[in-house]
Each structure stands twice: as structure tokens, then as C-alpha cells.
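Got the viewer open? Here is a walk through the model, one selection at a time.

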Amino acid sequence: MSDAQQFEAFLRNYQDLVFSTAMRLLANRAEAEDVTQEVFLKAYERFGELRESKTAGGWLRTVATNMSLNHLTRYRARWKFFSEIFTSHDEGEESPVEFAAPDNVEDALAASDRKALVEQALQKLPSAQRVPIVLFHMEGLSYEDIAAKLGVSLGKVKTDIFRGREALRRKLEPAKESVGLTS
């Protein structure tokens with residue numbers, strides 16, 4: 001197989017991962033496509049190293065995250081106060097919305113519907129609310145890492161994630177019973 005064919009196969013294997021990472025952060029298909037293209041241009045430059053790497057997916061996700069954040073800070077209005085999808089206990093502890101594990105096909109379809117609803121609600125949030133939530137809940141970054149990556153204080157990250165969760169909870173409340181969301 002030629003290098004071009006190998007890179008095409010590489011691109012096909014990872015295009016969904018890269019695009020979904022960018023889409024979650026940018027919530028704009030055209031911008032996510034642009035970032036995805038830029039990520040694969042960088043990957044092409046380093047294809048010799050990435051070709052056999054077991055960590056290529058992680059590298060691509062990191063590059064997609066960083067390029068999306070750069071895009072947001074470069075091309076969008078200044079950050080506003082962040083707001084919040086998930087629940088908060090009275091003691092101040094936070095926990096994600098819990099979805100029951102599917103026991104059958106109906107449950108699996110309902111879980112898929114719930115995930116789609118959460119993704120849609122997430123995309124409707126302003127980027128200032130969406131980005132920290134995605135970095136924390138979907139990319140697994142700590143509050144400290146998010147603060148460093150976004151160049152804001154730790155307190156601001158905590159506040160923004162809390163507000164984002166509350167905003168998502170309000171957006172998801174009407175659909176809660178129809179797809180079995182629990183809080």
C-alpha cells in the first residue's frame with residue numbers, strides 16, 4: 001500500500017473521533033470541519049511517527065481540542081461567564097446525570113436518544129459554557145487543567161461549569177420523562 005493509501009486509511013479510522021471532538025467544542029459544523037481538516041494536515045506532516053503509534057488517537061484528540069480552543073479564542077467574541085448538564089447535591093458535590101445501563105434493545109435505543117438530546121442541548125449552549133463542560137466531562141480534564149488551558153482562574157472554571165450544568169438541566173427538563181433522564 002502506498003503512503004497516500006495508508007494515510008487515507010488512517011484518516012478514515014480517526015475522522016469521526018477528530019470531528020466529534022471539534023464539534024462538541026465548537027458546536028458549528030463548518031468550523032468543526034475546518035478544524036478537522038487542519039488536524040489532519042498536521043497529522044500528515046507527522047504521519048511517519050503516527051503511522052504505527054498506538055497513541056495516535058490520543059494525539060489527534062489533543063490536537064483537535066487545542067485547535068478548537070485556539071479557534072474559539074481567535075475567531076469568536078471574548079469569553080463570557082460560563083454557565084452549566086449535570087446535577088449538584090446539596091452538599092456542593094457534583095455528579096453527572098446518570099443513565100441506566102441498557103438491559104435490552106429498547107433500553108439501548110433510549111440511551112441513544114438520551115445521548116443525542118444531551119449533545120443537542122450542549123450544542124445550544126454558548127461556547128463560554130459549553131467548552132469547560134466538554135473539557136471536564138467528555139475530555140476528562142481536571143478543573144486545574146481547564147483553568148490552565150483556558151487561561152482563567154480555578155474559581156472561574158468551577159463557577160462556569162456549575163452555571164453550564166444548570167443551563168443544561170433547564171434545557172433538558174422538558175425531555176426528561178420522554179427519554180428517561182434521571183437526575
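In which hand does H1 cross H2? Select the two helices and look: H1 passes H2 in a right-handed crossing. This is a predicted model, so colour by pLDDT before going further.

**Stop 1: confidence**

The chain has an average pLDDT of 79, and 75% of its residues score at least 70. Among the chain's elements, H2 has the highest mean pLDDT, 94, while strand S1 (residues 87-88) has the lowest, 43. Now select residues 77-91, where pLDDT stays under 50 and the model has 71 contacts beyond four places in sequence. Do the like for residues 94-102: pLDDT is again under 50 throughout, with 20 such contacts in the model. Where pLDDT is low, the predicted coordinates should not be read in detail.

**Stop 2: H1 against H2**

Go back to H1 (residues 3-26) and H2 (residues 29-45). Their axes lie 8 Å apart, at an angle of about 140°, and the two helices are therefore oblique to each other. To see the contact, show side chains on H1, including Phe-7, Phe-10, Leu-11, Tyr-14 and Val-18. On the H2 side, the residues to show include Val-35, Val-39, Phe-40 and Tyr-44. Sorted by class, the H1 and H2 contact comes to 15 nonpolar, 2 polar and 3 charged residues.

**Stop 3: the loop between them**

Next, click on Ala-27, in the loop between H1 and H2. Check its backbone: phi is positive, about 55°, although Ala-27 is not a glycine. Most residues other than glycine have a negative phi. Ala-27 has a relative accessible area of 23%, so it counts as partly exposed.

**Stop 4: H6 and its contact with H1**

Select H6, residues 127-138. How many of its residues are buried? The count is 9 of 12, so the helix is mostly covered. The buried set runs through Ser-127, Ala-128, Gln-129, Arg-130, Val-131, Pro-132, Ile-133, Val-134 and Leu-135. Just past this helix, look at Gly-140, which has a positive phi near 75°.

Now bring H1 back into view. H1 and H6 pack with axes 8 Å apart and an angle of about 140°, which makes H1 oblique to H6. This contact has 6 nonpolar residues, no polar ones and 2 charged ones. From H1 come Arg-24, Leu-25 and Leu-26, which meet Arg-130, Val-131, Val-134, Leu-135 and Met-138 of H6.

**Stop 5: two residues of H4**

Last, select H4, residues 56-75, and find Arg-61 in it. Is Thr-65, also to be found in H4, buried or exposed? Thr-65 is buried, with a relative accessible area of 4%. Beyond four places in sequence, Thr-65 touches Thr-21, Leu-25, Leu-135 and Glu-139.

Arg-61 has a relative accessibility of 29% and so counts as partly exposed. With neighbours up to four places away set aside, Arg-61 is in contact with Leu-17, Thr-21, Met-138 and Glu-139. Thr-21 and Glu-139 thus turn up in the contacts of Arg-61 and in those of Thr-65. Finish by drawing a C-alpha to C-alpha distance from Arg-61 to Ser-20: the two are 41 residues apart in sequence and 9.5 Å apart in space.

Technical notes
Residues numbered from 1 in each chain as written. Predicted model: local features only at pLDDT ≥ 70, side-chain atom pairs only at ≥ 80, totals over all residues. Heavy atoms only, no water. Buried < 20%, exposed > 50% of the residue type's maximum accessible area, 1.4 Å probe, protein only. Helix = DSSP H or I, 4+ residues; strand = E, 2+ residues; numbered from the N terminus. Contact = heavy atoms within 4.5 Å. Axes fitted to C-alpha atoms, helices over the stretch in contact; angles between N-to-C directions. Parallel < 35°, antiparallel > 145°, perpendicular 65-115°, else oblique. Nonpolar A, V, L, I, M, F, W, Y, C, P; charged D, E, K, R; others polar. Left-handed = near helix turned anticlockwise from the far one by under 90°. pLDDT = per-residue confidence, 0-100.
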